[in-house]
Amino acid sequence: MENKTSFFDKPVWPVLFVLILSLVFVGILAVMYRASEPRIKRQQREAYEKTILSLAADSLASLSGLQAQALESDYPTSFKNHIGALDEDNFARKAFEVKYDGTPIAYVFDVGGKGLWGTMRALVATSLDLQTLLGLNVYDQSETPGLGGRIEEEWFTSQFKGKPILDNSSPIEFEMVPEGQKEIKPQQLRQITGATITSKAVVDMIRGELAQIAKSRTEEGK
Amino acid sequence: MTRKQIFINSAFTENAVWKQILGICSSLAVTNLMLNSLIMGMGVTFALALSCLTVSLIREYTPRSVRMIAQTLIMAAYVIMVDILLKAFLPQVSKQLGPYVGLIITNCILMGRLEAFASKNPPLDSVIDGIGAGFGYTLVLLLISFVRELFGFGTLFGFRILGSWWTNWSIMVMAPSAFFLLALLIWIVNNKYYKVV
């Protein structure tokens, strides 16, 4: 005798059950993912572009006489007007040119390096000769929240602004001072308490990557 | 049990952390900032309530031999849904949470409530039980992170509470303090409310 209750006791039911359940949930997830994918992608791109713009904003503001904040809130128009993506072959990494009235005034590079727990990525703005940092933003990292994770914080990244980073194409040595102290020399940087390795990793990443960029550029120039 | 009793039972009397000692891993990991704790607690509560509902709805048809696979699958699906929704509509929060969202899947509280309650009880009761357990968990996270953030950073939810005279206790930010505080909490609660006869 076949009836509905006995079917659920058959050995085939568990197999079918898991199959149906998987199909239903995987289906729902797939539809959800596909539906929200463009939105997620767009938001990631916008966040990225806004970061570039914020790094370039100060240099642009000093030339144009506009407020840096006004430039940032004027995204996407200001991004289109002032930022141009450079050919990736030139620097072997993503690079952007900050332009005012068509003439380049600064570069923004997408650099990567190793932190304490994993890789991290940052956007670095430099002067045209690559010798001076104009800004830093760590946009992807997997450091300890509350310790190394603080490399994203404003007080840490803003101290890089205006620091000499290269001497021709060799990186400048930095001296790390405790978080609570003031830096007195341009070669000093405040490190994060409890995150010595991560703080140093950020500095080394920028120095190494920029030295490489400078080197490749001088070789090309020859 | 009435529904109110179910809630009180799963949130306080049988609290997942201080009574069942479940979810310890995440209680140690995410409690150095109150905001992280709150978002983590909300994520767990949301995923748990929905998983409880689903598991309870299909409990009559679930073969015993594959029930755990089914529960894990349902949990994982809801956690991924939370992740996608956060990424699409609250990118800021999603960035804050980072790896924690995925970790909800491995939280023992979910599996525990699904197996112990939702697989044997009607849907509405199960949802209430899930919300209760999530609430109890969030409460513990907030209690621990309150102490850790206050002494470790001098702030609460990112707002400065203690003035600049305050010297941050680095130990509170690091993992050991979570062990001390969690143990202290479990000790106090058990001493006060659960007398071993």
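**Helix packing in chain B**

H3(B) and H4(B) cross in a right-handed sense (the near helix is turned clockwise from the far one by less than a right angle). This is a predicted model, in which local features need pLDDT of at least 70, side-chain atom pairs count only at pLDDT 80 or more, and totals for chains, interfaces and linings use all residues. Residues are numbered from 1 along each chain as its sequence is written, with chains lettered from A and ligands numbered from 1 in the order in which they are written.

**H3(B) with H4(B)**
- Helix H3 (residues 34-57) and helix H4 (residues 67-89) of chain B pack at about 135°, their axes 9 Å apart.
- H3(B) and H4(B) are therefore oblique to each other (neither under 35 degrees, nor over 145, nor 65 to 115).
- Residues of H3(B) including Phe46(B) and Leu50(B) meet residues of H4(B), among them Tyr78(B) and Val82(B) (in contact means C-beta atoms, placed from the backbone, within 7 Å).

**H3(B) with H8(B)**
- The axes of H3(B) and H8(B) come within 8 Å and cross at roughly 165°, which makes the two helices roughly antiparallel.
- The crossing of H3(B) with H8(B) is right-handed.

**H1(B)**
- In helix H1 (residues 3-13) of chain B, the buried residues are Ile6(B), Ser10(B) and Ala11(B) (20 or more other C-beta atoms within 10 Å of a residue's own, against 12 or fewer for exposed).
- Down the axis of H1(B), these buried residues fall within an arc of 105°, so they line one face.
- The buried residues of H1(B) pack against helix H8 (123-153) of chain B.
- Exposed Lys4(B) and Gln5(B) sit on the face of H1(B) turned away from its buried side.

Technical notes:
Helix = DSSP H or I, 4+ residues; strand = E, 2+ residues; numbered from the N terminus. Arc of directions from axis to C-beta. Contact = placed C-beta atoms within 7 Å. Axes fitted to C-alpha atoms, helices over the stretch in contact; angles between N-to-C directions.
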